[in-house]
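Trainee: Could you take me on a close look at one strand in this model? I'd like to see how it sits among its neighbours, and then how that part fits into the rest.

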Amino acid sequence: MSSEAPLLTVENLRVRFHTPTRIVEAVRGLSFTLGREKLAIVGESGSGKSMTGRAILDLVPWPGEVTADRMEFRGQDMMGLDKHGRRAIRGKRISMVMQDPKFSLNPVMSVGQQIGEAYRVHTKASRAEARERSLSMLEAVQIRDPQRVYDLYPHEVSGGMGQRVMIAMMLIGEPDILIADEPTSALDVTVQAQVLDILERLVSDRGMGLIFISHDLPLVASFCDRVVVMYAGRVMETLDAKALSKGKHPYTQGLLGCLPDLDHPKDRLATLQRDPAWVSGGGA
Amino acid sequence: MSDAITVSGLNVSFGTSHVVKDVGFTVRTGESYGIVGESGSGKSTILRALSGLNRDWSGAITIGGARQQAKRPPAFYRQVQMVFQDPYGSLHPRMTVDATLAEPVAIHALGDVDRRIDRALADVGLDGGFRFRYPHQLSGGQRQRVAIARALILEPSILLLDEPTSALDVSIQAEVLNLLSDLKAARGLTLVLVSHNLAVVGHLCGRVAVMKDGRIVEEASLEAIRSGDIREAYTRDLLAASRRAHGAISAA
């Protein structure tokens with residue numbers, strides 16, 4: 001990725017929520033670049049990692065306010081775009097897989113139609129074309145019997161299948177960047193491996209950039225290329241995934257230390273000691 | 001040591017789908033017993049049958065030396081309590097922590113509500129300031145602590161835990177797991193822990209049952225699992241998945 005321009009550049013991203021009593025800062029000055037790689041954003045709930053994904057897609061709900069010194073998609077400024085401009089990017093160039101397929105799919109529409117809808121929003125395809133594309137996408141995410149699954153409703157599919165349906169829906173527009181918000185945390189280990197395989201192939205075959213939002217450090221260390229560790233809306237450190245265990249920041253070490261390990265049992269798990277200075281000062 | 005729970009020939013069906021197939025196991029008093037398996041393998045259903053939430057089962061369940069029927073007497077619930085997976089869904093959103101904890105005391109007419117609530121909150125490491133809060137004013141870990149306090153307020157001897165940490169962050173998971181091992185040590189609780197995370201089960205439990213498609217395919221001690229002394233390919237898969245995750249970190 002060194003010679004190429006980055007797919008996404010974000011500088012000093014801030015997300016604020018203006019509530020009647022105070023201003024809540026969800027993201028405080030986040031900067032990163034994304035190439036054709038698998039970038040992980042890790043942190044606890046409330047660290048602002050999901051809000052970062054939403055801010056990139058302009059999906060921050062009211063009364064949230066997004067500011068950034070720079071937010072560029074392939075050199076194109078996104079902050080200056082109006083709603084229509086952002087919508088043209090959202091779903092077609094950058095798309096997002098949400099955490100829970102149970103709540104993110106439309107319960108009264110068959111999954112195939114939903115995938116087709118995502119396609120028809122961005123292209124002038126006919127219904128028949130959209131159906132063809134949907135079926136081939138279902139096949140691409142390794143659903144064995146696409147014809148049958150096409151007509152199922154979300155409550156009729158399992159969690160793993162629902163997650164694959166969401167991935168199919170997000171990839172039908174052939175985006176350059178996929179933001180995956182905890183795509184596997186609701187899934188079993190075995191299904192998790194399948195979903196990761198699919199994502200892996202999409203990144204390597206199509207040169208897509210992937211932002212993988214997760215709180216699962218072991219998973220991220222084995223799957224991603226680079227890791228951004230977030231706490232309270234700030235970046236604590238950015239590391240090579242291979243070097244995650246050598247992370248210098250006490251927060252990174254704290255997150256690693258509190259994992260139970262089958263082979264090295266401990267009487268008590270370490271709990272995380274949070275330092276208020278991390279919020280104001282950033283890195284160690 | 002006597003047996004706290006004995007299950008044999010347990011079958012559960014929902015309509016035409018046979019979810020739990022001829023399951024049998026024994027948990028000794030004061031033991032921590034783990035059940036692992038994929039979602040849909042029937043592990044939560046076993047807990048629901050044990051706790052009396054699901055009345056449609058056949059087979060034999062003996063808890064605390066008494067053979068259990070489908071409907072349980074009130075005294076049963078003072079002995080066996082359950083903690084659920086999702087602390088966001090298992091607390092009543094319109095009830096304060098105080099009201100949530102007072103309810104089981106009132107149902108069982110135990111009296112002395114104030115002292116019991118204070119003690120239950122102290123047991124799970126929450127101070128009195130939490131007593132008049134609503135669930136939405138608590139973090140996920142605090143909610144799960146309240147759910148555990150609600151189970152403990154009746155001073156049960158058996159605690160059934162259905163994925164108690166899978167909805168929580170790893171940092172909060174560590175706190176809850178520490179709390180559970182403290183409580184177990186202090187009260188001599190018998191725990192049955194259901195999880196899909198072998199490392200979590202391994203942290204608390206000495207013996208583990210592995211479930212697949214409604215059957216217990218293998219029961220092994222933690223040492224046997226650790227040393228790889230296991231028969232079933234499926235258990236190996238689970239172990240490999242757990243090791244792979246950790247290997248990625250520790251090998252670096």
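Mentor: Happy to; here is a walk that starts at one strand of chain B and moves outward from there.

Please keep in mind that this is a predicted model. Let's take strand E3 of chain B, which covers residues 32-37. Six of its six residues are buried, so the strand is largely enclosed by the rest of the structure. Here a residue counts as buried if 20 or more other C-beta atoms lie within 10 Å of its own. You can follow this on both faces of E3(B): one side carries B:Ser32, B:Gly34 and B:Val36, the other B:Tyr33, B:Ile35 and B:Gly37, and all of them are buried.

What lies beside this strand? E3(B) pairs in the parallel sense with strand E8 of chain B, residues 190-195, over five bridges. It also pairs with strand E9 of chain B, residues 207-212, again in the parallel sense and over five bridges. B:Tyr33 is a handy place to put your finger. Its bridge partner in E8(B) is B:Val192, and in E9(B) the residue opposite B:Tyr33 is B:Arg207.

B:Val192 leads us on to the packing. The largest nonpolar core has 147 residues, and B:Val192 is listed with A:Ala40, A:Ala168, A:Ile211, A:Val220 and A:Val227 as the members that touch the most others. Helix H7 of chain A, residues 159-171, gives the most to this core, with eight residues. If you pick A:Val227 and leave out residues up to four places away in sequence, you will find that it touches A:Ala40, A:Val42, A:Val220, A:Leu239, A:Ala241 and A:Leu244.

Back in chain B, strand E6, residues 80-83, is another one covered on both faces. B:Val80 and B:Met82 are on one side and B:Gln81 and B:Val83 on the other, all of them buried. E6(B) pairs in the parallel sense with strand E7 of chain B, residues 158-162, over four bridges. In that pairing, B:Met82 has B:Leu160 in E7(B) as its bridge partner.

Now step back to the whole of chain B. The chain has nine helices and ten strands. Its radius of gyration is 18 Å, close to the 18 Å that the globule rule gives for 252 residues, so chain B is as compact as a globular protein of that length. Along the principal axes, its C-alpha atoms fill a box of roughly 50 × 50 × 40 Å. Of the 252 residues, 43% count as buried. Among contacts with a separation of 6 or more, 68% are between residues 24 or more positions apart.

Finally, look across to the partner chain. There, 28 residues of chain B are in contact with 31 residues of chain A. On the chain B side, helices H6 (170-187), H7 (198-204) and H9 (233-250) are the elements that give two or more residues. The largest share, ten residues, comes from H9(B). By type, this side of chain B divides into twelve nonpolar, ten polar and six charged residues.

For a view of strands in chain A, try its open sheet of six strands, in the order E7-E8-E9-E3-E10-E11 with mixed pairing. Strands E7 (94-97) and E11 (234-240) of chain A stand at the edges with a single partner strand each, so one side of each is left without a neighbour in the sheet. Further in, E8 (residues 177-181) and E9 (residues 209-214) of chain A pair in the parallel sense over five bridges, and A:Asp181 stands opposite A:Ile213 in E9(A).

Technical notes: Residues numbered from 1 in each chain as written. Chains lettered and ligands numbered in written order. Predicted model: local features only at pLDDT ≥ 70, side-chain atom pairs only at ≥ 80, totals over all residues. Rg over C-alpha atoms; globule rule 2.2 N^0.38 Å. Buried ≥ 20, exposed ≤ 12 C-beta atoms within 10 Å, placed from the backbone. Contact = placed C-beta atoms within 7 Å. Core = buried A, V, L, I, M, F, W, Y, C linked by C-beta atoms within 7 Å. Pairing = 2+ DSSP bridges. Nonpolar A, V, L, I, M, F, W, Y, C, P; charged D, E, K, R; others polar.
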